[in-house]
Amino acid sequence: MKKTNPVDGKFQVVELPYGQGDLAPVISAETIGFHYGKHLQTYVDNLNKALPGSEYEGMALEDIVCKSQGGVFNNAGQILNHTLYFTQFAAPKEGNVPVGRLAEAIDKQFGSFDAFRAQFEQQGTGLFGSGWVWLSADAEGVLHITQETNASNPLTKGLTPLLTFDVWEHAYYLDYQNRRAAHLAALWQIVDWNVIESRF
């Protein structure tokens, strides 16, 4: 996994690979404005304030996530999670399915993409409170679906994160209110499988 290093001692909000309204109607421009523009920016600002003079100053983001605790971990973890989340999407596309080696691995391990998707959504809807559902790979290329609470990331378990759906309420409440399951089901239309494959 490529590491994210600070620039001049500070981390930056990742640049979106699409326009703020390009994911609509799956994710509205308004949700991107709040979720990306305010929530993620706050995590970045908080981490940058906490790093000077700390043992984590100058570390890559991924190393901070694996070694820190408390407030530093919460902000670093949320930056990493949101960076992977926001950079995995593209404009909605019908019949959107995985590609390449990842598609083969999903079929082999879960039986079909539909079976994988159902299990992934079940893990997302079943996570109590705030957090993330992830598809990750271990060192042998075996795929894992995990629930991660709050700011946690599969990286701390020695896994390589590939795909994530955010189940914090701020990720979907403006567009779906309390309908988390509908939010998760809609997200498949905007997954950029070429990005996920490149992470595999």
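This passage looks at a sheet, a nonpolar core and a buried arginine in a predicted model.

Local features were taken at pLDDT of at least 70 and side-chain atom pairs at pLDDT 80 or more, while totals for chains, interfaces and linings use all residues. Residues are numbered from 1 along each chain as its sequence is written, and side-chain values rest on heavy atoms, without hydrogens and water.

A good place to begin is strand β1, residues 131–137. Helices (H or I, at least four residues) and strands (E, at least two) are DSSP runs numbered from the N terminus. Seven of the seven residues of β1 are buried, meaning under 20% relative accessible area with a 1.4 Å probe, protein chains only. This covers both faces, with G131, V133, L135 and A137 on one side and W132, W134 and S136 on the other. Strands pair if DSSP finds at least two bridges between them. β1 pairs in the antiparallel sense with β2 (residues 143–149) over seven bridges, and W132 stands opposite E148. Antiparallel pairing also joins β1 to β3 (residues 160–166), over six bridges.

L135 is also among the residues with the most contacts inside the largest nonpolar core, together with F116 and L163. Such a core is a set of buried Ala, Val, Leu, Ile, Met, Phe, Trp, Tyr and Cys residues joined through side-chain atoms within 4.5 Å. This one has 59 residues, and its largest share, eight residues, comes from helix α3 (residues 70–86).

Finally, R199 in helix α8 (residues 193–199) is buried yet has no salt bridge, that is, no side-chain nitrogen of Lys or Arg within 4 Å of a carboxyl oxygen of Asp or Glu. The nearest side chain of opposite charge, D192, is 9.0 Å away.

Methods
Buried < 20%, exposed > 50% of the residue type's maximum accessible area, 1.4 Å probe, protein only. Lys, Arg positive; Asp, Glu negative; His and termini not counted.
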